[in-house]
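Please examine the sequence and the structure shown here before reading the explanation. The paragraphs after it may be followed with the structure in view.

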Amino acid sequence: MSSIAMYAGTFDPITYGHIDVIERASKMFEKIIVAVAASSHKKTLFSLEERLNLCVTVLQHLPSIKVKSFNNLLVDFAKENEAHILIRGLRGVLDFDYEYHLASMNRQLSSMLESVFLLPAENYRYISSTLVREVAGLQGELNHFVPSTVARALEKKYSR
Ligand code: COA
């Protein structure tokens with residue numbers, strides 16, 4: 001069994017909360033594929049290329065991470081990449097119900113992919129990409145939520 005794990009999301013944009021989960025996972029698995037969802041039900045602020053590039057830039061301190069985009073079922077993309085573990089961050093009880101359904105559906109779709117849940121650091125449990133975009137749009141301070149490269153990209157989007 002390979003020790004390749006996958007961490008998927010829209011990453012619009014990647015935040016310190018995501019990075020915290022990825023850093024924790026990188027201590028547990030030999031290789032982690034950060035899978036950036038191309039077509040999502042969400043209308044994204046950043047293009048796929050921008051989201052990918054931001055992920056690559058802010059994760060370059062972690063040599064075991066590979067950033068890729070995907071446009072198919074997560075279980076199929078995991079299989080293509082020989083990943084048998086799906087990392088999910090569990091920020092609090094509100095996440096549980098959604099995660100329970102996602103993990104159950106993925107298990108139904110593939111018995112080869114096991115979901116593993118990690119708790120982000122306490123100070124990142126309230127972060128979401130939507131809230132970060134909202135703060136950016138209202139000219140709020142971003143340094144507590146995202147690395148400076150991401151903060152600059154957000155500022156540019158909102159022309160500050
Ligand atoms: N720190 C900060 N924010 C976090 C976080 C963490 N540790 N964990 C989750 N979040 C945020 C995300 O940024 C996202 O915020 P947003 O809604 O404001 O954008 C929100 O919590 C939900 O995260 P998540 O459940 O990971 O949603 P997502 O949109 O980022 O990713 C996919 C969802 C891509 C994983 C899922 O849609 C998928 O697997 N799609 C592929 C198609 C497929 O296989 N579908 C069937 C699934 S059963």
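The text that follows turns to the ligand and its surroundings, and then to individual residues.

The structure is a predicted model. A suitable place to begin is the space that the ligand takes up, which is the largest pocket. Around the ligand stand 25 residues, and those that come nearest are Thr10, Lys42, Leu74, Arg88 and Thr130. Sorted by class, this shell consists of 12 nonpolar, 10 polar and 3 charged residues.

Which elements of secondary structure each supply at least two residues of the shell? They are strand S1, spanning residues 4–9, together with helix H1 (16–26), helix H4 (93–109) and helix H5 (129–137). Helix H4 provides the largest share of the shell, with 4 residues.

Individual atom pairs give a more detailed view of the ligand's surroundings. On the side of Thr10, a polar side-chain atom is found 2.7 Å from an oxygen atom of the ligand. Ser129 likewise places a polar side-chain atom by an oxygen atom of the ligand, here at 2.9 Å. With Gly17, it is a backbone N or O atom that lies 3.4 Å from a nitrogen atom of the ligand. As for the surface of the ligand, it exposes 930 Å² when taken alone, and the protein buries 83% of that area.

Gly17 also leads to another residue, Thr15. A polar atom of the Thr15 side chain lies 3.1 Å from the backbone nitrogen of Gly17. Thr15 belongs to the loop between S1 and H1. Is Thr15 buried or exposed? Its relative accessible area is 2%, and because buried means under 20%, Thr15 is classed as buried.

Two further residues may be set beside this one. Glu114 is part of strand S5, which covers residues 114–118. Its relative accessibility is 39%, so Glu114 counts as partly exposed. Along the chain, Glu114 and Glu99 are 15 residues apart, and their C-alpha atoms are separated by 13 Å.

Tyr126, in turn, lies in the loop between S5 and H5. With a relative accessible area of 48%, Tyr126 is partly exposed, because the term exposed is kept for values over 50%. The C-alpha atoms of Tyr126 and Gly140 are separated by 16 Å, and these two residues are 14 positions apart along the chain.

Definitions and conventions
Residues numbered from 1 in each chain as written. Predicted model: local features only at pLDDT ≥ 70, side-chain atom pairs only at ≥ 80, totals over all residues. Heavy atoms only, no water. Near = heavy atom within 4 Å. Polar contact = N/O pair within 3.5 Å; in protein donor to acceptor, adjacent residues only side chain to side chain. Areas by Shrake-Rupley, 256 points an atom, 1.4 Å probe, with all protein chains shown as cover. 1 Å grid on protein atoms, 1.4 Å probe; cavity = no way out; pocket = protein on both sides within 12 Å on 5 of 7 lines; lining within 4 Å. Sits in = over half its atoms within 2 Å of the grid points. Nonpolar A, V, L, I, M, F, W, Y, C, P; charged D, E, K, R; others polar. Buried < 20%, exposed > 50% of the residue type's maximum accessible area, 1.4 Å probe, protein only.
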